[in-house]
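Biologist: I would like to go through this structure with you. Could we begin with a contact list and then work outwards?

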Amino acid sequence: MDSASRDQVQEEEQTSGTWSDLPMDILCLIKHHLFAADSAAFSAVCKTWKSVPAVVRSLALPPDNNDNPLSNCPCLMFLNNRFYHPVYNASFQLDNILRLPEGIIRVSKYGWLLMTQGDQCPFFFNPFTNVRIDLPRIDYKVSSVTFTNPPTSNDCEIVGFSTVDDVIRVYSIKRGKESWTEHEFKNRFCVVLSRCNPVLHRGRYYCLGTKGNLVVYDPKKNTVHRTGSPKHIWAHFEDSDCRHYMLESDGDIFAVFVACSGRHICICRLNLSKMVWEMAEDLLEDKMLFVSRPASFLEKALARGTGNKIYFPRFHGDNGLFYSLATKKYHTSGGGSCYESFHNSKERLYCTWMKPSQLLQFDREVAFYLDETYMEKKFLW
């Protein structure tokens, strides 16, 4: 390029400006229409674009357009009747939902919450119909628990587990029963169960221990057996420095181990024939993983840039936090920030992920029970 041409190019650049010279209101408008991954890429272009404020949306209702795949994205539900959409980075509220009762959400399934007030007073609550079902008191503290069907079903059964010293206790109650059934098994290897809820798979309950080992309960045979700790995985963690999540998807059982600092994450698939955990980080290439104590889901990626990520019930300010397996870093859904750990983020404890089908469904069996006898929307177990 001769000097005349170079001068002409420089003159054109000075006249037309650069992308970083776009007005701030235009940049804000562009960022408002970007989702999590694209918003992060937007902020990485230059210092000016990085300075564009993070977008926190507020919606009157959840996105419910059937033509929009993002309407199928799981949302985070809080006890104060607020919902958070992780891809839109938006919050919304449903008018027909009352404020949830005081308590701890233990399990979220079938549009129902299994909750406890204290450790020994469990109850079901449907946040979309405001129906509460009180359950018989349980005399022991349960580490992990699940239920098999909606509580309005005659086949519903609740099964809980705890480990105390050298004993594994299994508690269960079926609908219509007035008391819990208890079974005790010798805990020869001193397995300590994590707070991760068990997974029911092919008639057996899989419970995750604090060291990544498993306790498997077969209710038909009334037997318990244990697997060893995955040393090749557990080298990155300490017992007291790890969060555990477990889920079932398409016939497979997965576990997610996260160091409390967030600096180490392992995603594993259970080899059911060998009963050992195998690394499975490649499974998220086209999927979104949502983890929380009451419920975890593995969903197909809904839009470009949403896959290969783990979505946590954590926030950096008002922005949701997710982990990208591509960058090996945490990003905020509003864009503009990335971290190697949970630095300056806060975990929301009293919440759970719920699927859209649960957000908008009405249980017809509940409607059947809401007759004149139960005008207070409360019926017996």
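Modeller: Certainly. Please bear in mind that this is a predicted model. Leaving aside neighbours within four places in sequence, I265 is in contact with V256, F257, V258, E281, I310, F312, Y323 and Y330.

Biologist: Which residues touch the most other members of the largest nonpolar core?

Modeller: They are I265, L289, I310, F312 and Y330, in a core of 21 residues. The elements that give two or more residues to this core are β17 (242-249), β18 (252-259), β19 (265-271), β23 (309-316) and β24 (319-324). β18 gives the most, with three residues.

Biologist: What other core lies apart from it?

Modeller: There is another core of 20 residues, which includes L208, W234, C242 and I253.

Biologist: And the chain as a whole? How many helices and strands are there?

Modeller: The protein chain has seven helices and 28 strands. Of its 381 residues, 51% count as buried. Among contacts between residues at least 6 apart in sequence, 49% join residues at least 24 apart.

Biologist: Let us turn to open spaces. How much space lies in the largest pocket?

Modeller: About 610 Å³. The lining of this pocket comprises 27 residues, and K109, L247, E248, S296 and F297 lie nearest the centre. Two or more lining residues come from each of β5, β13, β17 and β22 (297-300), and β17 gives the most, with six residues.

Biologist: How does that lining divide by residue type?

Modeller: The lining of the largest pocket has 13 nonpolar, nine polar and five charged residues.

Biologist: And the second largest pocket, which residues are closest to its centre?

Modeller: This pocket holds about 450 Å³ of space. Of the 21 residues that line it, I104, I105, R106, R195 and R293 are the closest to the centre. β5 supplies the largest share of the lining, three residues. By type, the lining of the second largest pocket divides into nine nonpolar, five polar and seven charged residues.

Biologist: R195 interests me. Where is it found?

Modeller: R195 is in the loop between β12 (181-186) and β13. Not counting residues up to four places away in sequence, R195 touches S143 and R293. The C-alpha atoms of R195 and T210 are 8.4 Å apart, and the two residues are 15 apart in sequence.

Biologist: Why does R195 count as exposed?

Modeller: Because its relative accessible area is 56%, and the cut-off for exposed is over 50%.

Biologist: Now the enclosed spaces. How many cavities of 30 Å³ or more does the structure hold?

Modeller: Two. The largest cavity has a volume of about 120 Å³, and the second largest has about 40 Å³ of space.

Biologist: Which residues line the largest cavity?

Modeller: Its lining is made up of R106, L114, T116, D119, P122, I138, V142, V145, I158, G160, Y171 and W180. β6 and β10 each supply at least two of these residues. By type, the lining of the largest cavity comprises eight nonpolar, two polar and two charged residues.

Biologist: V145 and G160 both appear there. What is the bridge partner of V145 in β10?

Modeller: The partner is G160. Strands β9 (residues 144-147) and β10 (residues 157-164) run antiparallel and are joined by four bridges. From β9, S144 and T146 point one way, whereas V145 and F147 point the other way, and all are buried.

Biologist: And what lines the second largest cavity?

Modeller: Y84, P86, Y311, F312, R314, G320, L321, F322, S333 and W353 line the second largest cavity. β23 and β24 each give at least two residues to this lining. F312 is also one of the core residues listed earlier.

Biologist: A backbone matter, finally. What is phi of Y110 and of R202?

Modeller: Phi of Y110 is near 55 degrees, a positive value in a residue other than glycine. Phi of R202 is near 55 degrees as well. Most residues other than glycine have a negative phi.

Biologist: Where are Y110 and R202 placed?

Modeller: Y110 is in the loop between β5 (104-109) and β6 (112-117), and R202 is in the loop between β13 (199-201) and β14 (204-208). Y110 is partly exposed, at 33% relative accessibility, whereas R202 is exposed, with a relative accessible area of 72%.

Technical notes. Residues are numbered from 1 along each chain as its sequence is written. This is a predicted model: local features need pLDDT of at least 70, side-chain atom pairs count only at pLDDT 80 or more; totals for chains, interfaces and linings use all residues. Side-chain values use heavy atoms; hydrogens and water are left out. A nonpolar core is a set of buried Ala, Val, Leu, Ile, Met, Phe, Trp, Tyr and Cys residues joined through side-chain atoms within 4.5 Å. Buried means under 20% relative accessible area, exposed over 50%, partly exposed in between (1.4 Å probe, protein chains only). Contact means heavy atoms within 4.5 Å. On a 1 Å grid over the protein atoms alone, a cavity is a set of points where a 1.4 Å probe fits but cannot get out, and a pocket is an open set with protein on both sides within 12 Å along at least five of seven lines; lining residues have an atom within 4 Å of a point. Grid points are joined across faces, edges and corners, and a volume is the space filled by probe spheres set on the points. Ala, Val, Leu, Ile, Met, Phe, Trp, Tyr, Cys and Pro count as nonpolar, Asp, Glu, Lys and Arg as charged, and the others, Gly among them, as polar. Two strands pair if DSSP finds at least two bridges between them.
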